[in-house]
Every structure is written in C-alpha cells, then in structure tokens.
Amino acid sequence: MKHLDIIKKIPKAELHLHIEGTFEPELLFEIATRNKIPLRFKSVEELREAYNFHNLQSFLDIYYEGANVLIEERDFYDLTMAYLKRCREDNVVHTEIFFDPQTHTSRGILFETCLNGIHKALKDAQEEWGITSHLIMCFLRHLSEDEAFKTLNEALPFKDKILAVGLDSSEVGHPPSKFERVFKRAQAEGFLTVAHAGEEGPAEYIWEALDLLSIKRIDHGVRAIEDDKLMERIIQEKIPLTVCPLSNIKLCVFKQMADHNLKKLLSRGVMVTINSDDPAYFGGYAGQNYLEAALALELDEEEIKTLAMNSFAASFLSEEIKNHWIQEINKW
Ligand code: ADE
Ligand code: ZN
C-alpha cells in the first residue's frame with residue numbers, strides 16, 4: 001500500500017485534541033513523582049492496562065484522575081511540549097488545542113498557571129519548529145451553567161491567548177441548550193465557538209449546537225448520519241466534523257474501524273477531518289489515526305489528500321495560510 005507513505009509526510013492540521021488527553025503514562029509518573037502525588041497504579045504498565053474503556057464516561061473517569069498530578073506551570077509546559085514533539089514527527093504543522101481549565105481550577109490550581117504553561121510551550125514550538133496553534137477553552141458540560149460563566153469570566157483577561165470556546169465531557173444528559181447563554185456571552189466577547197456533539201449523544205444535540213450555540217464546526221458529529229435533514233444542512237453549509245477514528249473505536253462508538261462511517265460521510269460530501277482526541281489513551285496520534293482509518297476503510301490517495309486539505313480548510317487559520325497549505329498538498 002504505497003499510497004500510505006504519504007500519510008506521515010503530507011502536511012496536516014489537527015483540530016480536535018485535548019491537551020490533558022496527551023498525558024502519556026511515563027510523563028504522568030515522572031510529574032507525579034516530582035510533585036509527590038501518590039498514584040493508585042504501581043507502574044506505567046499497570047496504568048496502561050487500565051485503558052480499557054466501554055464508553056465515554058469510563059474514559060473520562062481515568063482522564064480526570066490522571067490530570068490531578070498537574071500542579072505547576074512547568075507541568076503544563078512539559079505536557080504540551082511532549083505533544084508538540086509528536087506533531088513534528090507526524091508533520092502536523094498547525095494544531096488547535098482544547099484545554100479544560102475547570103479540571104484544574106476545581107483543585108485549586110490557578111487559571112493562569114495552566115494557561116501560561118500551555119501557552120509558553122506553544123510559543124516555543126512556533127519559534128523552534130514553525131508549528132502554529134490556537135487555543136480553545138472547553139467548558140465541562142457535566143458542571144453547571146454558573147460554573148461555566150465563572151470560567152468564562154476568568155478567561156476574559158486572556159483573550160489574546162484563547163481564540164475559541166468549546167464544550168466537552170459527559171455528553172448524554174447535558175445537551176448544548178444547557179450552555180446557550182454562556183455561548184452567547186462568549187461570542188459577544190469575541191470568542192469563536194465549537195462543541196462536542198453527536199459523539200454518544202443524538203443528532204438532536206447537533207441541531208442544538210448549530211442553532212443555539214452558533215458553532216463553527218462540530219467535534220465528532222458522527223451521529224449526524226442518522227438524520228437526513230441534518231446531513232443536508234451540514235453538507236450545504238460546509239460545517240466541518242472533527243472526527244476521531246481511534247477514539248470512536250476505543251470508546252465503543254463503533255465496534256471496529258471497518259464499521260466507522262468516516263468514508264461514507266466523506267463520499268456524501270461532508271467536510272470531514274481526522275484527529276486524535278486523546279492520543280495517549282486511545283492508541284495513537286494524528287498519523288496513526290489517518291493510517292488505521294485508511295487501512296480499514298481502504299481510503300485511496302485522493303481521499304487521504306482531501307482529508308488533509310479539509311483539516312486546513314476547517315481550521316481557524318487565515319484564508320491566506322489555509323490556501324498556502326492546500327496548495328502544498330495539491331503538489332502531492
Ligand atoms: N474530553 C476529552 N475527550 C473527550 C471526548 N472524546 N468527548 C468528550 N469529552 C472529552
Ligand atoms: Zn474530544
């Protein structure tokens with residue numbers, strides 16, 4: 001399968017990546033040790049063995065537990081830098097990163113400790129390797145509207161560092177409508193908006209995200225395929241889906257990669273992108289997600305190129321920079 005060679009080398013943007021989900025067990029143990037935080041796992045291997053999930057919540061429980069060892073600005077810096085090194089290996093030249101401040105502020109960590117650590121790493125990676133990035137602050141949807149408003153207020157002094165707001169965590173039972181007023185206020189403050197919808201939740205949640213939160217793209221959104229009217233709308237309005245193939249398999253959204261609907265969505269004209277979501281937990285970074293999807297779904301070279309082009313077209317880069325990267329991919 002010679003065409004698979006292009007996956008590693010072709011320039012890519014990543015649009016759905018939780019920085020807390022890049023926490024590799026080795027680094028987690030290193031930071032826990034230096035912060036003198038006891039872990040219930042005895043070794044890296046034992047921790048990795050616990051990465052067996054049957055749905056989104058079973059993953060989130062362990063993901064939040066892992067994040068507890070992040071205390072100092074340096075911890076957030078090291079976490080982010082480790083991810084950016086992986087971007088370099090996969091030729092991810094632009095990344096739009098989610099962070100969950102409430103996971104940290106609820107433990108007494110200052111908002112700016114977390115933000116500054118992440119931001120310094122992004123700046124260094126841009127200077128050293130030319131990797132560009134944007135930050136997207138997510139509200140945890142299992143928490144209240146009040147708590148989301150409090151987090152939005154904390155972010156206001158840092159508008160220069162945060163481009164957009166998003167919505168993540170436990171989807172079912174926490175529809176986008178719960179955060180309509182928060183998103184309206186965020187938009188009025190100049191933030192762009194995205195939201196996780198249609199990962200485990202129904203197509204109805206995608207309608208709500210579009211109509212009530214005015215989102216610019218849908219994170220996951222794979223359940224859109226269950227609703228013809230919704231499919232018509234996202235195709236016509238070119239609303240991107242940030243699809244995460246390995247995540248969907250690990251969290252049992254699809255039984256196996258061959259069952260994933262990514263190729264179907266793509267062939268029906270949906271602006272699909274490939275992303276890694278929480279690569280330390282789901283078995284691979286961006287390149288691995290492209291590779292495993294391409295193998296199982298028999299994607300051809302044109303489809304791989306389209307996915308890479310979509311990743312730039314769906315990004316929050318300027319039109320000029322988007323066009324630059326799309327032309328680069330066209331040369332392949
Ligand atoms: N937080 C981290 N990964 C997530 C996912 N896949 N869905 C919802 N919230 C998340
Ligand atoms: Zn996600």
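Phe 99 has its bridge partner in strand β3, and that partner is Met 137. Keep in mind that this is a predicted model. Strand β2, residues 92-99, pairs with β3 in the parallel sense, over 6 bridges.

Stay with β3 for a moment. The strand covers residues 132-140, and 7 of its 9 residues are buried, so β3 is largely enclosed by the rest of the structure. On to the next pairing. β3 and β4 run parallel and are joined by 5 bridges. Ile 136 has its bridge partner in β4, at Ala 164. How does the chain get from β3 to β4? The path goes through helix α8, residues 145-155, and this β-α-β crossover is right-handed.

Now β4 to β5. β4 spans residues 164-168, and 2 bridges join it to β5, again with the strands running parallel. Val 165 is bridged to Thr 193 in β5. Helix α9, residues 180-188, belongs to this step: β4, α9 and β5 form a right-handed β-α-β unit.

β5 itself is residues 192-197. Is it mostly covered or mostly open? Mostly covered: 5 of the 6 residues are buried. On to β6, residues 217-220. β5 and β6 run parallel, with 4 bridges between them. Ala 195 finds its bridge partner in β6 at Ile 218. The chain makes this step through helix α10, residues 203-213, in a right-handed β-α-β crossover.

Next, the packing. Phe 99 comes back here. The largest nonpolar core has 111 residues, and Phe 99, Ile 234 and Tyr 281 are the ones with the most contacts inside it. There is also a second, separate core of 6 residues. Phe 98, Cys 138, Ala 164 and Val 194 are among its members. Remember Ala 164: that is the bridge partner of Ile 136.

What does Tyr 281 touch, beyond four places in sequence? The aromatic contacts include Phe 23, Tyr 51, Phe 53, Phe 59 and Tyr 63. Leu 28 and Ile 62 are also on the list, and so are Glu 20, Gly 21, Gly 66 and Lys 250.

Now the ligand. Two of those Tyr 281 contacts, Phe 59 and Tyr 63, are also among the residues around ligand 1. Leu 56 and Leu 60 are there too. The polar and charged names in that set include His 18, Asp 168, Ser 169, His 196, Glu 199, His 220, Asp 277 and Asp 278. Tie that back to the strands. Asp 168 is in the range of β4, residues 164-168. His 196 falls within β5, residues 192-197. His 220 falls within β6, residues 217-220.

Which residues give the polar distances to the ligand? Glu 199 puts a polar side-chain atom 2.8 Å from a nitrogen atom of ligand 1. For Asp 277, an N or O atom of the side chain is 2.7 Å from a ligand nitrogen. For Asp 278, the corresponding distance to a nitrogen of ligand 1 is 2.7 Å.

Three single residues to finish. Start with Gln 102, in helix α6, residues 101-105. Buried or exposed? Its relative accessibility is 5%, so Gln 102 counts as buried. Its side chain makes a polar contact with the side chain of Thr 151, at 3.5 Å. Thr 151 sits within the range of α8, residues 145-155. Beyond its sequence neighbours within four places, Gln 102 also contacts Cys 138, Phe 139, Leu 140, Leu 143, Glu 147 and Ala 148. Cys 138 is the one we met in the second core.

Second, Ser 311, in helix α16, residues 301-313. Its relative accessibility is 0%, so Ser 311 counts as buried. The side chain has two backbone partners to mention. One is the backbone nitrogen of Ala 13, at 3.0 Å. The other is the backbone oxygen of Ala 308, at 2.6 Å from a polar side-chain atom of Ser 311. Outside four places in sequence, Ser 311 is in contact with Lys 12, Ala 13, Leu 15, Thr 273 and Tyr 290.

Last, Ser 318. Where does it lie? In the loop between α16 and α17, the latter being 319-330. Ser 318 has a relative accessible area of 37%, so it is partly exposed. The C-alpha atoms of Ser 318 and Ile 206 are separated by 26 Å, and the two residues are 112 apart along the chain.

Methods. Residues numbered from 1 in each chain as written. Chains lettered and ligands numbered in written order. Predicted model: local features only at pLDDT ≥ 70, side-chain atom pairs only at ≥ 80, totals over all residues. Heavy atoms only, no water. Core = buried A, V, L, I, M, F, W, Y, C linked by side-chain atoms within 4.5 Å. Buried < 20%, exposed > 50% of the residue type's maximum accessible area, 1.4 Å probe, protein only. Contact = heavy atoms within 4.5 Å. Helix = DSSP H or I, 4+ residues; strand = E, 2+ residues; numbered from the N terminus. Pairing = 2+ DSSP bridges. Right-handed = clockwise from strand over helix to strand, strands pointing away. Near = heavy atom within 4 Å. Polar contact = N/O pair within 3.5 Å; in protein donor to acceptor, adjacent residues only side chain to side chain.
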